[in-house]
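Got the viewer open and a selection box ready? Let's take a walk through this one, stop by stop.

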Amino acid sequence: MANVVKSKGSAGKTRAAATNRGTANGGPGAEEGTTEAMRALIQRHLVSTLARHPSSATARDWWVATVLALRDTIHERLIQTQAVHNRDNVRRVYYFSLEYLMGRLFGNNLLATGLYETARAALAELGQDVDVVRESEVDMGLGNGGLGRLAACFLDSLATQDYPALGYGIYYEFGLFRQAFADGHQVEHPDSWTIFGDPWEVVRPEYTQEVRLYGRVENVFDDRGNYLPRWVDTKTILGVPRDIPVAGFGTMTVNLLRLWASKATEDFDLAAFNSGGYVDAVREKAVGETVSKVLYPNDKTENGKELRLVQQYFFVACSLRDIIRRHRRIPGNSWDNFADKVAVQLNDTHPAIAVVELLRVLIDEEQLTWDRAWGIVSRTFAYTNHTLLPEALEKWGVALFDRVLPRHLQLIYAVNDRLLAEVERKWPGEVAKKRACSLIEEGGGKAVRMANLAVVGSHAVNGVAALHTALLRRHLFPEFDALYPGRFQNKTNGITPRRWLLKCNPRLAALITRQLGEAWPRDLDRLRGLERWADDPAFQAEFMAIKRANKADLAAVIRAECGIGVSPDALFDVQIKRLHEYKRQHLNLLHILALYRRLLQRPDLDVVPRVFVFAAKAAPGYDLAKNIIRAINVIGARINGDARLNGKLKVAFLPNYRVSLAERIIPAADLSEQISTAGKEASGTGNMKLSLNGALTIGTLDGANVEIREEVGDDNIFIFGLTVEEVEALRASGYQPWSRYQADEELRAVIDWIGSDYFTPGEHGAFSLLHDSLLHGGDPYMVLADFRAYSDCQARAEAAFRDRAGWARRAILNTARMGKFSSDRTIREYATEIWRLPAVPVP
């Protein structure tokens, strides 16, 4: 360890020095002499580890060598962190999430360790540009949307604030997919992010776990007549852990993300190979590795559904075994103090089967009584709900569950019996209450309700925005809220400012650091200090010059990716998020069509030039969402090529949305589209990232938009549309989209446009899925009901953008007032109010 590069905050420096680090141009500066040490480490790894001579090394070779040099420092801190935690037998939180949208780690880890400028200087001395070298890194294919990105932000905040924590998930060989476009259609290609290996990970074969699946339950009795069910005739796969270190910013703490890769117990059948059965010889290996092959297999088929259930059980079974192993290795630990040392947070319903798996281990393997086992289970778990959409609350058919996890199904029925007895005691004879609370959905096909299981098996349940939590209690789980007073609470989501400002927007970060000092990345409330310059013309000019430079950078990306030329002086109107009807990208499209139509009717119309920027993936089996993508692409291509517009309107749909692309888009945004149907978005975090970087929000009173408005003020956000109460009332009264269509001439014209072949000559019905969903399909997300209010609000935003000083003031105040939405604040609330988790500084 003598060769490890030391930064400020490393051994020999005070903790105060470590926690006040962080400059906007790449984090804390290195101590004198560390550049030489870093250069030597990079050269050593290039030659000794990669067997490369500098003269023949590629950019990727230099990147890997630099990662390995940086990893030396991180691993030293990791070992020190684990030593402190084990010595003190600390309480830990274990975060269970099926996805982690980590993005790229190189820049973040350099910032966190205080070695960014050191690495830049060392590489420069070696003839390499750090900005070129870092482009060799690919985004980790471990997540998809906001759920996974939130998990990644939480890991950052846990380490930065010295909370003992470990994330658990799956090591997917392939990510969701790599998106491309062909004739406007989304085309899915394999996201082979692991094809060349990943230098951040460390394989831990000594902690491999066995996972049993399928089989049957054998009913046996002991000598005393006690029922002893045995799960027999099972198939077994292995879970091999791969560890990715998570370095805290401005601290010595390094936590872990432990991901499980599935392997077969028997890789190779030599007898089958020798007899000519080459495919059969590796069949078991292929089947065993399928479990961690791909993120979110298509669940339109029964095989896809089964694989998703197996994935979820596989990762929680491995993780719980690992937690138990870690608990038992500390002398004096037992089941008596398990729940005192272990807190498990379930990130949505995907890991909910963990409740039953721990119960099974305690009862079947550890021979604990039911009451004692359930007491441990219910003190261990807490559950975060991320959706208000009933169809998104996972349910598994009882027949499927019985085939894959027969013993767990027995235990679910046993939990349900006790639950229904509890419901009967509170509401005697009320069948509707039992039906609402039951873990088993009756009807055409019985199903296990995983959200209900998570609520029943957890000591705390939280929503992720104040509105979302209120709707959870009022609409989704009102019976459970009454049955378990105090169990439901709110934890408004947050984002890490280290990635979403310090790293992704270095120009703005440098300006903030110059004005406020270096402490803000660890204390985002300090941004309030920018308010004093919101009306200062010189500061406004500097702030907006940074925005324009970022827009110029994005314009170059748009030209490279889409072949479209756009002006950085235009208003950049940005909607970047998963493609789903409730997020209403098609509402945005209707407005674009309305603007296009106005400009064709009046070519001299004085409008602010706009660039509409989209980035989104649609689930492979979500046909309507894919039709919306094609509509945006095809219509956008027609608009972009129409010389009559004189460049006043441009539409760019950037392919393959991912974290590293978001980092290019977000600093350049002027207007942030957060236009979901009120009551459908749990929170949203893209809204926070965009506002933090000086974009103004146009949105409904949904999710965290409500709290953003409270923070930034009514004058600094554009709110439109139906409220939750108005949506509910309109639906109850019998919403008629046809009446909206008939009453609004402009709306009728653009919908008819979509239904025609104007944009696809000779291809009738190209956008029929979209067109029919708005009219014949009942417009379930009330796009037509909100169109006119949205269009009028867009006009207000355009007028505000013309006032350059006024817009600058609003943008500055958005950045200044985002302190509440740091994930550091969110994690402190979880730690205090749910996990009872003290911070443990590492010296």
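What follows is a list of stops, each with something to select and something to look for. Keep in mind throughout that this is a predicted model.

**Stop 1: the sheet**

Start by colouring six strands, which make an open, parallel sheet in the order β20-β19-β18-β21-β22-β23. Which strands stand at the edges? They are β20 (649–653) and β23 (718–719); each has a single partner strand, so one side of each is left without a neighbour in the sheet.

Now select 571–576 and 610–615, which are β18 and β19. These two pair in the parallel sense, with six bridges between them. For one cross-strand pair to label, take Ile576, which sits opposite Ala615 of β19.

On to β21, residues 671–674. Two bridges tie β21 to β18, again in parallel, and Val574 faces Ser672 of β21. With β22 (residues 696–699), β21 shares four bridges, and this pairing is parallel as well. Label Leu671 and you'll find its bridge partner in β22, Leu696.

Before leaving β21, show its side chains. In a regular strand, side chains alternate between the two faces of the sheet. Is β21 covered or bare on its two faces? Both are covered: Leu671 and Glu673 are buried on one side, and Ser672 and Gln674 are buried on the other.

**Stop 2: a helix crossing**

Next, show α24 (585–601) together with α31, residues 745–755. Two packed helices are described by the angle between their axes and the distance between the axes. In this pair the axes come within 10 Å and cross at roughly 105 degrees. That makes α24 roughly perpendicular to α31. To see the contact itself, turn on side chains: α24 brings residues including Leu590, Leu593, Tyr596 and Leu600, while α31 brings, among them, Leu747, Val750, Ile751 and Trp753.

While you're here, step back to Arg584, in the loop between β18 and α24. Check its backbone: phi is positive, about 65 degrees, although Arg584 is not a glycine. Is Arg584 buried or exposed? Its relative accessibility is 0%, so it counts as buried.

**Stop 3: another positive phi**

Jump to Asn89, in the loop between α3 (59–87) and β1 (92–96). This is a further non-glycine residue with a positive phi, near 45 degrees. Asn89 counts as buried because its relative accessibility is 19%, and the cut-off is under 20%.

**Stop 4: two buried loop residues**

Select Ser458, in the loop between α18 (450–456) and β16 (461–463). Ser458 is buried, with a relative accessible area of 1%. Draw a distance from the backbone oxygen of Ala454 to a polar atom of the Ser458 side chain and you should get 2.7 Å. Looking beyond neighbours within four places in sequence, what does Ser458 contact? The list is Leu346, Ser378, Phe381, Ala382, Tyr383 and Arg487.

Then hop to Asn505, in the loop between α21 (497–503) and α22 (506–516). Asn505 is buried too, at a relative accessible area of 1%. Its side chain makes a polar contact of 3.0 Å with the side chain of Asn550. Setting aside neighbours within four places in sequence, the contacts of Asn505 are Ile546, Asn550, Pro667 and Asn693.

**Stop 5: a short-spanning helix**

Select 823–835 to bring up α35. How far apart are the end C-alpha atoms of this 13-residue helix? They are only 16 Å apart, short of the 18 Å that a straight helix would reach at 1.5 Å a residue. At the N-terminal end, Ser822 acts as a cap, with a side-chain oxygen 3.1 Å from the backbone nitrogen of Asp824. Following α35 comes Arg836, which has a positive phi near 50 degrees. Colour the helix by burial and the buried residues include Ile827, Tyr830, Ala831, Ile834 and Trp835. An α-helix has 3.6 residues a turn, so residues three or four places apart point the same way.

**Last stop: Val706**

Finish on Val706, in helix α28 (residues 705–712). Apart from residues up to four places away in sequence, Val706 touches Leu467 and Leu701. For a sense of scale, run a distance from the C-alpha of Val706 to that of Glu36: these residues are 670 apart along the chain, and the C-alpha atoms are separated by 51 Å.

How values were computed: Residues numbered from 1 in each chain as written. Predicted model: local features only at pLDDT ≥ 70, side-chain atom pairs only at ≥ 80, totals over all residues. Heavy atoms only, no water. Contact = heavy atoms within 4.5 Å. Pairing = 2+ DSSP bridges. Buried < 20%, exposed > 50% of the residue type's maximum accessible area, 1.4 Å probe, protein only. Expected span 1.5 Å × (residues − 1). Polar contact = N/O pair within 3.5 Å; in protein donor to acceptor, adjacent residues only side chain to side chain. Axes fitted to C-alpha atoms, helices over the stretch in contact; angles between N-to-C directions. Parallel < 35°, antiparallel > 145°, perpendicular 65-115°, else oblique.
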